Amino acid sequence: MIKDTKAMLRSILENISQINYVEPGDIPNIDLYMDQVTTFMDEHLRSSKRYEDDKVLTKTMINNYAKNNLLPPPVKKKYSKEHVLVMIFIYYFKNILSIKDIETLLTPITDKYFKDENGMDMTYIYNEVMELEKSRISIVSKDIAKSFQDAAECFADAPGEDQDYLQLFAFICSLSFDIYVKKLLMQKLIDEFDIKKDSKDKKKK
């Protein structure tokens, strides 16, 4: 595979190993106005943007999240630390899941943990998930490197001028397949949870 692709892969794997999570301690303990929230998110999630001009979060996005029940409403136009933590979850989910799926997934969390209950709040939830994700970094990096190596062994008989692109295409297809399977699993799990929730709600009536 072309040298530029190998160099890019090394760079990406290095970035994965040094992923910067927004630490709960970095979030101000005072409630923030919307402009302050968007500025905070842009500053702390800048490294995840594809293009420099991309916006991590906009006022329209925040209003839509609240409108679609993804985010509890602000208090006197101010957003708490808990709001920001929920927005971080939404930020990562929105490129993979539908608005409806995110609502289904997050509603039980915000209903029960948005306000501290027995010492278990949004900070607790976020920290637990963050530690789980950190433990997966090495595994994910090795899996990506293996997919790259496997793709580099494809199209051995292709003409030299075509081989590099075909191997790159195979690598992207391999990554896409992984994403497709995992997305399918996520959707099935959410659907199953939604069915059980509806069943419980009907029994209560």
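Which residues of H6 are buried? I took up this question first, working on a predicted model.

**Entry 1: helix H6**

I located helix H6 at residues 122–152. I listed its buried residues as Met122, Thr123, Ile125, Tyr126, Met130, Ile137, Ser141, Ile144, Ser147, Phe148 and Ala151. I then looked up the course of the helix and noted a kink of about 40°, centred on Ile137. Ile137 is thus entered twice in my notes, as a buried residue of H6 and as the centre of the kink. I also checked the span of H6: at 1.5 Å a residue, its 31 residues should cover 45 Å. The C-alpha atoms at the two ends are 43 Å apart, which agrees with that expectation.

**Entry 2: aromatic pairs**

I searched the whole structure for aromatic pairs and recorded five. One of them joins Phe89 and Phe93; this pair is stacked, with 6.4 Å from centre to centre and 15° between the planes. I placed both residues in helix H4, residues 81–93, where they stand four residues apart, about one turn of the helix. Are Phe89 and Phe93 buried or exposed? Phe89 has a relative accessible area of 12% and is buried, because the cut-off for buried is under 20%. Phe93, at 19% relative accessibility, also counts as buried by that cut-off.

I next examined Tyr91 and Tyr92, which form an edge-to-face pair at 5.2 Å centre to centre and 75° between the planes. Tyr91 is buried, with a relative accessible area of 9%. Tyr92, at 43% relative accessibility, counts as partly exposed, since that class lies between 20% and 50%.

I finally traced the links between rings and found that ring pairs join Phe89, Phe93 and Tyr126 into a cluster. Tyr126 had already appeared among the buried residues of H6.

**Entry 3: the largest pocket**

I looked up the largest pocket and recorded a volume of about 2900 Å³. Its lining holds 48 residues, of which Ile19, Tyr92, Ile96, Glu133 and Val140 are the closest to the centre. Tyr92 is therefore both a member of the edge-to-face pair and one of the residues closest to the pocket centre.

Which helix gives the most to the lining of the largest pocket? I found that H6 does, with 11 residues. Helix H1 (3–17), H4, H6 and helix H7 (160–204) each supply at least two residues of this lining. By residue type, I entered 31 nonpolar, six polar and 11 charged residues in the lining.

Terms used. Residues numbered from 1 in each chain as written. Predicted model: local features only at pLDDT ≥ 70, side-chain atom pairs only at ≥ 80, totals over all residues. Heavy atoms only, no water. Phe/Tyr/Trp six-rings, centres within 6.5 Å; stacked < 30°, edge-to-face > 60°. Buried < 20%, exposed > 50% of the residue type's maximum accessible area, 1.4 Å probe, protein only. 1 Å grid on protein atoms, 1.4 Å probe; cavity = no way out; pocket = protein on both sides within 12 Å on 5 of 7 lines; lining within 4 Å. Points joined across faces, edges and corners; volume = space filled by probe spheres on them. Nonpolar A, V, L, I, M, F, W, Y, C, P; charged D, E, K, R; others polar. Expected span 1.5 Å × (residues − 1). Bend = angle between axes of the 7 residues up to and from the residue.
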